[in-house]
Amino acid sequence: MAKLTMMGHIEDTARVLQRAIDERKDYGQEFIDFWQNNNFKKVIFTGSGTSYNAMRVIRNMFVKLLNVEGVAIEPTVFTYSESINPSSCFRNDQVLMIGLSQHGDSISTCDALKRAKDEGFATVGISEEQNTAITKIADHYIHLVCEEEQIGPETRGYTETLLQFYLLAVEAAHQTKLIGKEKYNQLISDAQNLVNDFPTVVKESSEWYEKQQDELVSMKKASIAGYGYNFPTALEGRLKFFETFGRPTTAYEQEEQLHGPIRAYDEDNFIFLIGGNNGPEFKRMIDIAGYYRRAFTKHVFVISSAKATEDKRDLKFTVKTTDLLSPIFYVVPFQVLSAKLSEKVGIDTSVSPVTDRSISGHMNG
């Protein structure tokens, strides 16, 4: 089998998303039984890099669907600086830590799980690779069905992880009677519709890039802003840009970008705004986009599934999904840009530029 490129992994994502739906009873029932047999009130979500950004999205899904208190935190901050239950509002058996490492050997994530376990809290480890450190440390294990990615910058794994844990949260909510059959069927239907429409999102993102290619390839610095469920999408988009295309990139919650960073903006800034859902924040985003274009730079790109502005730089998807699932759609343009811009300027994303590996974030690195 030929090795997939970064773009190849993006285009292959719909297949593993469908697998996540089809196999949810196989990989998920043990976790759901575990969830049902406990009375978790607080869940701590952790991971590093792309895994951390995924856990921020998953935290929102669990809070919304399972009515738990959720905290997303960087693993090393948790290990050395965080008080797990400072108010003593929860018993130890009501607190769960979930740690994600796609390769299963992240030093920081494994250390965080060890600390949680040593202090008497339940732990769940998640990885695609099996029989790794995380599977031995955590009390319970969930296997990702994203399949091994053959290059460093993760795309397919990030996207599939979001859908897999959405499905787990939906199944757990149904089996614990937080939602009824009708609501359950609707949430699963939403997931299937997303999978059906995912190739359209990839296609439209690619076509958008081709139209803007000459402008985008000149990018020297960028910022990405999102709101609500898609603030983590901005964080993941920033990571993808920086680790592949190599241009300095920042990420902000939409309103926070107005508080300080714009003092450093000028006509060379490229600003990407994610309009993940309608409502007051979307209307605010339209005003902010106009302001950036007037006051700072013409390089403003709005990504949404609703008409935002008349600017030719905007990307308007012809398909929609729910607010909760929207991060799965809205990360795609940034994955596509990262892959195609890198290829355009001769950066091979399948080859790591890091040559000195005397320090690594992975146990086997």
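Helices and strands are named here as DSSP runs, numbered from the N terminus, with at least four residues (H or I) for a helix and at least two (E) for a strand. In this predicted model, the place of Asn-131 is, on that basis, in the loop between S4 and H7.

## Overall form

The chain holds 13 helices and 10 strands. Its C-alpha trace spans about 55 × 50 × 45 Å along the principal axes. A compact globule of 365 residues would have a radius of gyration near 21 Å, and the 20 Å of the chain agrees with that expectation. Of the 365 residues, 55% count as buried, and the accessible surface comes to about 15,500 Å², of which 48% belongs to carbon and sulfur atoms. When contacts between residues at least 6 apart in sequence are considered, 73% of them join residues at least 24 apart.

## Nonpolar cores

The largest nonpolar core has 87 residues, and those with the most contacts inside it are Trp-35, Phe-62, Leu-163, Tyr-166 and Phe-272. Helix H9 (residues 181–216) supplies the largest share of this core, 12 residues. Apart from it lies another core, of 16 residues, including Tyr-227, Ile-262, Ile-271 and Tyr-292.

With neighbours within four places in sequence left aside, Leu-163 is in contact with Leu-17, Ala-20, Ile-21, Ala-191, Val-195, Leu-325 and Ile-328. Tyr-166 appears in turn among the contacts of Leu-65, which, under the exclusion of neighbours within four places in sequence, also include Ala-169, Val-170, Ala-173, Leu-178, Leu-187 and Leu-324. Leu-65 is found in helix H4 (residues 50–66). The C-alpha atoms of Leu-65 and Leu-341, 276 residues apart along the chain, are separated by 37 Å.

## Helix H6 and its surroundings

Helix H6 comprises 12 residues (107–118), which at 1.5 Å a residue should span 16 Å, and its end C-alpha atoms are indeed 16 Å apart. The buried residues of H6 are Ser-108, Thr-109, Cys-110, Ala-112, Leu-113, Arg-115 and Ala-116. These buried residues pack against strand S1 (42–47), helix H5 (75–81), strand S3 (95–100), strand S4 (122–127) and helix H7 (133–137). Just after H6, Gly-120 takes a positive phi of about 90°.

Leu-100, in strand S3, has Thr-109 among its contacts, together with Thr-46, Gly-47, Ser-48, Ser-51, Ala-54, Met-55, Ile-126, Leu-144 and Thr-161, again with neighbours within four places in sequence left aside. Leu-100 and Val-124 are 24 residues apart in sequence and 8.6 Å apart in space, C-alpha to C-alpha.

## Loops and positive phi values

Two residues other than glycine have a positive phi in the loops described here: phi of Ser-88 is near 55°, and phi of Asn-131 is near 60°. Ser-88 is placed in the loop between H5 and S3, whereas Asn-131 is in the loop between S4 and H7. Ser-305, by contrast in burial, has a relative accessible area of 14% and is buried; Ser-305 is found in the loop between strand S9 (300–304) and strand S10 (315–316). Not counting residues up to four places away in sequence, Ser-305 touches Gly-275, Lys-316, Phe-317, Val-319, Lys-320 and Tyr-330.

The table gathers the accessibility of several residues.

| Residue | Relative accessible area | Class |
|---|---|---|
| Leu-65 | 8% | buried |
| Ser-88 | 58% | exposed |
| Cys-89 | 56% | exposed |
| Leu-100 | 4% | buried |
| Asn-131 | 67% | exposed |
| Cys-146 | 0% | buried |
| Ser-305 | 14% | buried |

Because buried means under 20% relative accessible area and exposed means over 50%, Ser-305 at 14% counts as buried, while Cys-89 at 56% counts as exposed.

## Cysteines

How many disulfides does a search of the whole structure find? The search finds 0 disulfides. Cys-146 is in no disulfide, and the nearest cysteine sulfur, that of Cys-110, is 16 Å away. Since a disulfide is counted only for cysteine sulfur atoms within 2.5 Å, the 16 Å between the sulfurs of Cys-146 and Cys-110 therefore does not qualify. Cys-146 is buried, with a relative accessible area of 0%, and Cys-110 is one of the buried residues of H6.

Notes. Residues are numbered from 1 along each chain as its sequence is written. This is a predicted model: local features need pLDDT of at least 70, side-chain atom pairs count only at pLDDT 80 or more; totals for chains, interfaces and linings use all residues. Side-chain values use heavy atoms; hydrogens and water are left out. The expected span of a helix is 1.5 Å times one less than its number of residues. Buried means under 20% relative accessible area, exposed over 50%, partly exposed in between (1.4 Å probe, protein chains only). Contact means heavy atoms within 4.5 Å. The radius of gyration is taken over C-alpha atoms; the globule rule is 2.2 Å times the number of residues to the power 0.38. Accessible areas come from the Shrake-Rupley method with a 1.4 Å probe; for residues, only the protein chains shown count as cover. A nonpolar core is a set of buried Ala, Val, Leu, Ile, Met, Phe, Trp, Tyr and Cys residues joined through side-chain atoms within 4.5 Å.
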